[in-house]
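Visitor: I'm new to this one and would like some help reading it. Could you walk me through it, feature by feature?

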Amino acid sequence: MEVVNAIGRRKSSVARVYLSEGTGKITINKKDINQYFPSAILQYVVKQPLQLLEVAEKYDIKANLDGGGYTGQSQALRLAIARALVKVNEEDKKALKDQGFLTRDSRAVERKKPGQPKARRRFQFSKR
């Protein structure tokens, strides 16, 4: 199998993933996943599509993450991994889609409007 690549985005984070056959090693920005995401919850989020299809020890993953915070980056990486797994095996698409791993979460920070302190918060109204 050749190297399969895919891209995932969430908030302002972008994840580029390169999936190849291997032993289940996940490398993010040239660091091990345990170093890059010390939180067990974020590691779980990243590995969700692999555990669903039970292929966690079958593929090596190299990822480049850019932008955003750690939550957005982990969710962008999950989307990219799911897309790469679909490229490898088209029959896995239904299982991943049913769990929502192939849906791009398009929510992002709303911009701040002029004449207001925040996006929706208004300055306090004073009648007199």
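Guide: Let's go through the sheet, the core, a few contacts and some odd backbone spots. Keep in mind that this is a predicted model.

Visitor: Let's begin with the sheet. In what order do the strands sit?

Guide: To read a sheet, follow the strands by neighbour rather than by number. Here the five strands make an open sheet with the order β1-β2-β5-β3-β4, and the pairing is mixed.

Visitor: Which strands stand at the edges?

Guide: β1 and β4 do. Each has a single partner strand, so one side of each is left without a neighbour in the sheet.

Visitor: And how do I read "mixed"? Which pairs run antiparallel and which run parallel?

Guide: Go pair by pair. β2 and β5 are antiparallel, with eight bridges, and Leu 19 has Ile 61 as its bridge partner in β5. β3 and β5 run parallel and are joined by three bridges. β3 and β4 are antiparallel again, with two bridges. Ile 28 is a handy place to look: it stands opposite Lys 31 in β4 and opposite Ala 63 in β5.

Visitor: What do the side chains do along a strand?

Guide: In a regular strand they alternate between the two faces of the sheet. Take β5 as the case: Tyr 59, Ile 61, Ala 63 and Leu 65 make up the covered face, while Asp 60, Lys 62, Asn 64 and Asp 66 are on the uncovered one.

Visitor: Which strands does helix α3 lie across?

Guide: Helix α3, residues 70-88, lies across β1, β2, β3 and β5. Its direction is at about 145 degrees to β1.

Visitor: Next, the core. Which residues touch the most other members?

Guide: For a core, look for the well-connected residues, then ask which elements supply them. The largest nonpolar core has 29 residues, and Val 17, Ile 28, Phe 37, Leu 77, Ile 81, Leu 85 and Leu 96 touch the most other members. At least two residues come from each of β1, β2, β3, α2, β5 and α3. Helix α3 gives the most, with eight residues.

Visitor: Can we zoom in on Val 17? What is it in contact with?

Guide: Leave aside neighbours within four places in sequence, and the contacts of Val 17 include Val 4, Ala 6, Ile 61, Ala 63, Leu 77 and Ile 81.

Visitor: Is Gln 73 buried or exposed?

Guide: Check the relative accessibility. Gln 73 is in helix α3, and it counts as buried because its value is 9%, below the 20% cut-off. Among the residues that Gln 73 touches beyond four places in sequence are Ser 13, Tyr 36, Phe 37 and Leu 65.

Visitor: How many aromatic pairs are there?

Guide: One. The ring centres of Tyr 36 and Phe 37 are 5.0 Å apart and the planes are at 90 degrees, so this pair is edge-to-face. Phe 37 is buried, at 1% relative accessible area.

Visitor: What about charges? How many salt bridges does the structure have?

Guide: Six. For each one, read the N to O distance, then the accessibility of the partners. Asp 32 meets Lys 25 at 3.9 Å; Asp 32 is partly exposed at 27%, and so is Lys 25 at 46%. Asp 98 and Lys 94 have their closest N and O atoms 3.0 Å apart. These two are four residues apart in helix α4, which means about one helical turn separates them, and both are exposed. Glu 110 and Lys 113 come to 2.5 Å. Finally, Arg 10, Asp 105 and Arg 107 are joined into one network by salt bridges that share partners.

Visitor: And those odd backbone spots? Which residue has a positive phi of about 55 degrees although it is not a glycine?

Guide: Lys 11 does. Place such a residue on the chain, then check its accessibility. Lys 11 lies in the loop between β1 and β2 and is partly exposed at 48%. Glu 54 also has a positive phi, near 55 degrees. Glu 54 sits in the loop between α2 and β5, and it is exposed, at 72%.

Note on methods: Residues are numbered from 1 along each chain as its sequence is written. This is a predicted model: local features need pLDDT of at least 70, side-chain atom pairs count only at pLDDT 80 or more; totals for chains, interfaces and linings use all residues. Side-chain values use heavy atoms; hydrogens and water are left out. Buried means under 20% relative accessible area, exposed over 50%, partly exposed in between (1.4 Å probe, protein chains only). Two strands pair if DSSP finds at least two bridges between them. Contact means heavy atoms within 4.5 Å. Axes are lines fitted to C-alpha atoms, for helices over the stretch in contact, and angles run from 0 to 180 degrees between N-to-C directions. Rings of Phe, Tyr and Trp (its six-membered ring) pair if their centres lie within 6.5 Å; planes under 30 degrees apart count as stacked, over 60 as edge-to-face and the rest as tilted. A nonpolar core is a set of buried Ala, Val, Leu, Ile, Met, Phe, Trp, Tyr and Cys residues joined through side-chain atoms within 4.5 Å. A salt bridge is a side-chain nitrogen of Lys or Arg within 4 Å of a carboxyl oxygen of Asp or Glu.
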